[in-house]
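Here is a short set of exercises to work through with the model open beside you. Try each task before reading its solution.

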Amino acid sequence: MDLDLPLIWAGIIALAVLLYVMLDGFDLGIGILFPFARSPRDRDTMMNTIAPFWDGNETWLVLGGGGLFAAFPLAYAVIMPALYIPILLMMMALILRGVAFEFRARGRARGKAFWTGAFAGGSTVAALAQGLVLGGFIQGVTLNGQAFGGGAFDWLTPYTLLVAVGLTAGYALLGSTWLIWRTEDDLHGDARRWAWRAVIASAALLVVVSLATLFVHPQVALRWGFEDGAFDLARLGLLSPIPLLGAAGLGLVVWGLVMGGHVAPFLGSLTVFVSGYLGLAVGFFPNIVPYDLTFRQAASAENALGLMLVGVAILLPVILAYTVWVYWVFRGKVGADAGYH
Amino acid sequence: MEFDALLLSRIQFAFTIAFHIIFPSFTIGLASYLAVLEGLWLLTRNEAFKTLYLFWVKIFAISFGMGVVSGVVMSYQLGTNWSVFSAVAGPVIGPLFAFEVLAAFFLEASFLGVMLFGWKKVGPGLHFTSTVLVAFGTLTSAFWIISANSWMQSPSGFAGTVEEGLVAVDWLKVIFSPTFPMRLTHMVLAAYLTTALVVAGASAFRLLRNAHEAESAMGLKMAIGMLAIVAPLQLLVGDLSGKDVLEHQPAKLAAIEAFWETRTEQPFHIAAWPDRTIEGNHWELSIPKVGSWITGGSVDAEIQGLEAFAPEDRPPVFIVFWSFRLMVGLGLAMIALGLWGAWLVWRGHSARSRVFLRACVAMGPAGFVAVIAGWVVAEVGRQPYVIYGILRTEDAVSPIGAGSVSASLLAFLVVYSIVFSVGALYILRLLAEGPLAGAHEGPPTEHRAPGSPLAATPEDPGEPGRPDAPNPEGTR
């Protein structure tokens with residue numbers, strides 16, 4: 001049997017990153033919303049809604065990084081140094097907000113206040129840093145042969161800052177709609193208000209970022225059918241399901257908010273993320289390091305990809321199954337008090 | 001010495017990995033201990049086991065969290081700072097890292113949630129299964145990461161060169177490289193010893209305060225049993241691991257023992273001041289002939305000295321020599337403590353000897369020190385190579401500037417200092433309170449889970465806006 005291993009692995013890594021963004025996205029979103037909570041008690045509840053899940057969610061990030069190293073070592077070896085500062089910034093932020101889950105519970109007066117701040121600040125900075133990484137990735141990386149050949153601050157442009165704000169707004173949308181689903185009473189009401197603001201901000205930024213992306217690199221514009229002021233309607237039409245999916249997601253969020261739905265806004269937010277992700281993927285496929293290194297050039301040895309595929313074929317279904325089981329175990333509304341545990 | 005991106009990256013890697021290893025070396029053992037405690041509780045229904053479980057699971061939650069976040073850094077740092085290494089080694093050891101994530105990390109992370117928060121959500125059988133799966137995950141993780149590290153120490157089963165790229169030709173030889181079996185055993189035993197010492201130290205501390213605390217007496221006895229069996233075993237395994245070093249990394253062995261000439265009847269240096277600049281030892285306190293016997297199994301064994309290697313291929317000697325002695329010295333102290341404790345238990349009064357209890361407290365952190373010292377021997381001793389004999393550390397670094405690395409190193413120093421001191425404070429506070437402090441706040445099957453944020457302070461007095469709210473000790 002002849003499998004196209006590099007293509008399969010590109011799909012696996014892409015899936016890992018998408019799952020990371022959607023799953024850790026909502027729990028980072030909780031941290032972003034932390035400063036807006038009315039009371040320490042509400043913050044406890046917010047944290048409790050994600051406490052059993054955050055570690056599993058973050059593991060998709062490790063699979064994204066470790067998987068990239070294993071399956072596309074060249075891409076890993078170029079992207080990581082190119083985005084050194086935002087990646088390390090993201091790491092520091094994730095450390096502080098990660099330990100905050102336990103430390104905040106153990107801290108007394110000042111300690112608890114500090115770790116409340118660390119969770120909020122860490123989550124927000126991690127989201128912004130991920131936006132910088134994403135933006136830096138989309139705008140392309142300078143190569144010198146098959147290694148990174150650019151400068152330390154290549155990633156810092158108005159475009160990447162825009163993407164950073166956009167992604168943070170998107171995570172806030174995921175977080176607030178998650179809270180609508182998982183909380184009740186006052187906090188639930190607050191979450192609805194946050195979701196309204198987040199969905200408006202996300203929609204606006206999604207449009208602005210999408211347009212800006214078309215100007216960032218000619219290849220992306222070309223892929224979407226824009227060239228030298230003219231545009232290719234047929235090509236745009238072919239890809240139109242992607243933006244339509246995003247619009248449908250936004251519509252679902254708004255519809256859920258208007259109709260008082262509990263799950264619909266969260267599902268809508270996830271749909272928006274899937275659409276945005278597909279839109280970007282279409283823009284630079286088959287590059288894995290935009291815009292000079294394709295996933296085939298960066299792929300690891302065939303035998304390594306083959307061996308790992310066996311592992312993935314056995315383990316990934318098991319992982320997905322127990323992940324779903326854990327979400328099932330901790331289903332339902334999380335009260336302000338101990339009912340949850 | 002120039003502070004370029006290479007040196008700074010080495011310092012950063014050494015610092016972040018040394019920080020990281022503290023937590024796995026504790027949680028690997030602690031997860032197994034928790035599984036044993038919960039299993040014994042289910043089997044005997046002796047509430048003391050449950051009390052101990054609920055106590056240690058809180059410590060586990062804090063330590064595991066710190067291990068997770070410092071571990072995520074490692075999976076990215078290979079690329080950010082060591083991109084040449086990543087590109088060269090990825091096709092061979094990349095899969096080992098991928099298997100660690102797939103087989104271990106997801107398992108640990110997912111079932112940890114059930115372990116910490118699932119008391120009321122799942123039955124005792126499923127909860128116990130979750131604890132066992134977390135423990136299994138920690139061991140699986142150790143398997144793959146030590147496999148990857150051992151391949152870097154004694155690479156096998158591959159073809160190609162650094163220039164054209166390495167590729168695996170025999171996966172079993174890549175995974176089970178020659179030094180792997182003994183190094184894995186050595187590390188897992190080290191983790192069990194580290195945990196046993198912490199449990200012994202914490203239990204002894206409580207017993208010094210209250211000699212009648214039955215749970216602590218039980219914890220101490222279990223720890224003594226572990227120490228008495230595993231500490232001597234570790235000496236044996238360590239010796240076998242040393243034989244692997246002699247065969248596969250002779251320069252490292254020469255540095256460990258500060259041997260300079262190649263000869264038979266090498267002396268054993270109990271202490272020495274080795275110096276690379278004079279290619280010898282300034283002074284040494286030695287036993288004649290014993291060095292050959294310890295390392296090669298016979299006084300007639302010819303053991304290579306550092307002079308057999310070109311100066312640029314020699315590892316730093318002083319650090320390796322002394323780290324090794326620190327590790328072995330602590331290991332011998334662990335054996336003594338284990339045997340002493342076993343003798344006291346046999347005589348039936350382990351909980352009453354205050355001298356012994358104080359010795360246990362003093363030895364509480366010894367496992368961490370020994371683990372770090374051991375890793376210093378392993379990692380400094382294989383210099384100047386990152387893949388032994390294949391790729392030099394200086395050739396493995398990323399094309400990045402010293403400025404970026406200085407900034408990140410500084411940030412790591414600040415962030416890790418905060419995280420470490422606070423984590424240590426919270427853990428020590430819990431240890432000082434002992435297993436009974438949390439027990440009368442109600443067992444979690446009725447009310448709240450251990451390690452749950454809510455188990456702390458229901459009224460959350462510490463938040464801004466209510467800074468003066470009372471939070472007397474003992475409410476937790």
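**Exercise 1. Work out how many residues each chain gives to the contact between chain A and chain B, and describe the side of chain B.**

Start with the count: chain B gives 71 residues and chain A gives 72 residues, where a contact means C-beta atoms, placed from the backbone, within 7 Å. Next, ask which elements of chain B take part: helix 2 (47–81), helix 3 (83–117), strand 2 (165–168) and helix 13 (402–433) each bring at least two residues to the side that touches chain A. Helices here are DSSP runs of H or I with at least four residues, strands are runs of E with at least two, and both are numbered from the N terminus. Helix 3 of chain B has the largest share of that side, with 21 residues. Finally, sort the side of chain B that touches chain A by class: 44 residues are nonpolar, 22 polar and five charged. Nonpolar covers Ala, Val, Leu, Ile, Met, Phe, Trp, Tyr, Cys and Pro; charged covers Asp, Glu, Lys and Arg; the others, Gly among them, are polar.

A word on the source: this is a predicted model, in which local features need pLDDT of at least 70 and side-chain atom pairs pLDDT 80 or more, while totals for chains, interfaces and linings use all residues. Residues are numbered from 1 along each chain as its sequence is written, with chains lettered from A and ligands numbered from 1 in the order in which they are written.

**Exercise 2. Describe how helix 5 and helix 6 of chain A pack.**

Helix 5 (residues 84–106) and helix 6 (residues 109–138) of chain A meet at an angle of about 150°, and their axes are 7 Å apart. Axes are lines fitted to C-alpha atoms over the stretch in contact, and angles run from 0 to 180 degrees between N-to-C directions. Helix 5 of chain A is therefore roughly antiparallel to helix 6 of chain A (an angle over 145 degrees). By class, their contact has 17 nonpolar, five polar and three charged residues.

**Exercise 3. Place A:Asp292 and decide how exposed it is.**

A:Asp292 sits in the loop between strand 5 (287–289) and strand 6 (293–294) of chain A. A:Asp292 counts as partly exposed because it has 13 C-beta neighbours inside 10 Å (buried needs 20 or more, exposed 12 or fewer, and partly exposed lies in between). Its C-alpha atom is 8.2 Å from that of A:Val141, 151 residues away along the chain.

**Exercise 4. Summarise the fold of chain B.**

Chain B has 13 helices and six strands. Of its 476 residues, 55% count as buried.

Methods. Contact = placed C-beta atoms within 7 Å. Parallel < 35°, antiparallel > 145°, perpendicular 65-115°, else oblique.
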